[in-house]
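Trainee: I would like a close look at a single part of this model. Please take one residue and follow its contacts outward.

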Amino acid sequence: LTWTGAIPTRDIDVLGLGATLAHLADDADTRHPYELAIETFYRIRITRWISLKPDLQYVIHPNGSGNIAEPAIGDALVATLRLEMSF
């Protein structure tokens, strides 16, 4: 989902929210049969060709929380900052 102009004075900025669900193969021997990522971002348009995009993701059961024979992997919070250039 995206919303352009979420902030009244920033008409061309974009606020986004999304989710990704990955089902893992039964023979993968993971603790959980899926991985779920929930993501939000805000694209700040600096010029016509350049945008800055902070992004935050929360990943539930990354890689199925790992192989059963190995220590469990905890949920993950991932933050990125992207510089986008359009040509």
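Is K53 buried or exposed, and what is its relative accessible area?

Mentor: This is a predicted model, so what follows describes a prediction. K53 is buried, with a relative accessible area of 9%. The cut-off matters here: a residue counts as buried when its relative accessible area is under 20%, so K53 at 9% falls in that class.

Next comes its place in the chain. K53 is found in strand 4, which covers residues 50-60. Leaving aside residues up to four places away in sequence, K53 touches F41, Y42 and R43, and also T80, L81, R82 and E84. One of these contacts, E84, is also a salt-bridge partner: the side chains of E84 and K53 meet with N and O 3.5 Å apart. The limit for a salt bridge is 4 Å, so a distance of 3.5 Å qualifies. E84 lies in strand 5 and K53 in strand 4, so this pair ties together parts that are 31 residues apart in sequence.

Now turn to E84 itself. With a relative accessible area of 25%, E84 is partly exposed, whereas K53 is buried. E84 also forms a salt bridge with R43, where the closest N and O atoms are 2.9 Å apart. R43 lies in strand 3 (residues 34-45) and E84 in strand 5 (residues 76-85), so this second pair ties together parts that are 41 residues apart in sequence. R43 has a relative accessibility of 27% and counts as partly exposed.

Put the two pairs together and you have a network of salt bridges that links R43, K53 and E84. E84 takes part in both pairs, one with K53 and one with R43. R43 is in addition among the residues that K53 touches. To trace this in the structure, start at K53 in strand 4, go across to E84 in strand 5, and then on to R43 in strand 3.

For context, the structure holds 3 salt bridges. Besides the pairs already described, the side chains of D13 and R10 meet in a salt bridge, with 2.7 Å from N to O. That pair also has a buried partner, since D13 has a relative accessible area of 2%. R10, at 32% relative accessibility, counts as partly exposed.

Definitions and conventions. Residues are numbered from 1 along each chain as its sequence is written. This is a predicted model: local features need pLDDT of at least 70, side-chain atom pairs count only at pLDDT 80 or more; totals for chains, interfaces and linings use all residues. Side-chain values use heavy atoms; hydrogens and water are left out. Buried means under 20% relative accessible area, exposed over 50%, partly exposed in between (1.4 Å probe, protein chains only). Helices (H or I, at least four residues) and strands (E, at least two) are DSSP runs, numbered from the N terminus. Contact means heavy atoms within 4.5 Å.
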